[in-house]
Amino acid sequence: MSDETKGQSIEEKQYLLRFNADTKSHLTVLDADICATKCPDKICTIFCPAEVYKWENIRMHVGYEGCHECGSCRIGCPHQNIKWEYPKGGHGIVFRLG
């Protein structure tokens with residue numbers, strides 16, 4: 001870790017990321033009804049460090065463009081209701097060290 005990034009908050013470190021988002025999401029909520037009826041805590045809105053998942057009134061919104069590709073959602077959803085794939089070649093996140 002460089003001296004420049006030591007002591008920075010996660011928000012400050014996120015500014016070191018660059019995204020090349022595809023037009024098609026690499027994240028899929030398999031069954032929207034599960035989110036609405038079987039997941040009262042909407043846990044994906046809590047554990048995703050990029051805040052990709054947001055509950056909006058009656059549905060889950062997936063802002064895949066800012067995904068950090070950490071894979072938290074594929075293992076963290078208690079209902080295994082999120083399909084996570086790597087973005088298509090040339091797309092996704094690019095890490096830049098500060």
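A disulfide is taken here as a pair of cysteine sulfur atoms within 2.5 Å. By that rule, this predicted model comes out with zero disulfides. Cys-39 shows how this plays out: its sulfur finds the closest cysteine sulfur in Cys-77, but at 6.2 Å, so the pair is too far apart for a bond. Cys-44 is in no disulfide either, with the nearest cysteine sulfur, that of Cys-35, sitting 6.0 Å away. Neither cysteine is out on the surface: Cys-39 has a relative accessible area of 11% and so counts as buried, and Cys-44 is buried as well, with a relative accessible area of 9%.

Cys-39 turns up again around Lys-42, a residue in the loop between helix H2 (32-38) and helix H3 (44-47). Lys-42 is buried yet has no salt bridge. The nearest side chain of opposite charge belongs to Asp-41, and it is 7.9 Å away; since a salt bridge calls for a separation within 4 Å, that partner is out of the running. What the Lys-42 side chain does reach is the backbone oxygen of Cys-39, at 2.7 Å. Leaving out residues up to four places away in sequence, Lys-42 also touches Cys-35, Ala-36, Trp-55 and Met-60.

Met-60 leads on to the nonpolar interior. The largest nonpolar core has 14 residues, and the members that touch the most others are Leu-27, Val-52, Tyr-53, Met-60, Val-62, Cys-73 and Ile-82. Strand E4 (59-62) and strand E5 are the elements that give two or more residues to this core. Cys-73, one of those well-connected members, is in contact with Leu-27, Phe-47, Tyr-53, Ile-82 and Trp-84 once its neighbours within four places in sequence are set aside.

Just ahead of strand E5 (82-84) comes Asn-81, in the loop that links this strand to helix H4 (72-76). With a relative accessibility of 3%, Asn-81 falls under the 20% cut-off and therefore counts as buried. So what does its polar side chain pair with? A polar atom of the Asn-81 side chain lies 2.9 Å from the backbone nitrogen of Asp-31. The surroundings of Asn-81 take in a run of residues from the same part of the chain: not counting residues up to four places away in sequence, Asn-81 touches Thr-28, Val-29, Leu-30 and Asp-31, along with Ile-34 and Cys-35. Cys-35 is thus a shared neighbour, being touched by Asn-81 and by Lys-42.

Methods. Residues numbered from 1 in each chain as written. Predicted model: local features only at pLDDT ≥ 70, side-chain atom pairs only at ≥ 80, totals over all residues. Heavy atoms only, no water. Helix = DSSP H or I, 4+ residues; strand = E, 2+ residues; numbered from the N terminus. Buried < 20%, exposed > 50% of the residue type's maximum accessible area, 1.4 Å probe, protein only. Polar contact = N/O pair within 3.5 Å; in protein donor to acceptor, adjacent residues only side chain to side chain. Contact = heavy atoms within 4.5 Å. Lys, Arg positive; Asp, Glu negative; His and termini not counted. Core = buried A, V, L, I, M, F, W, Y, C linked by side-chain atoms within 4.5 Å.
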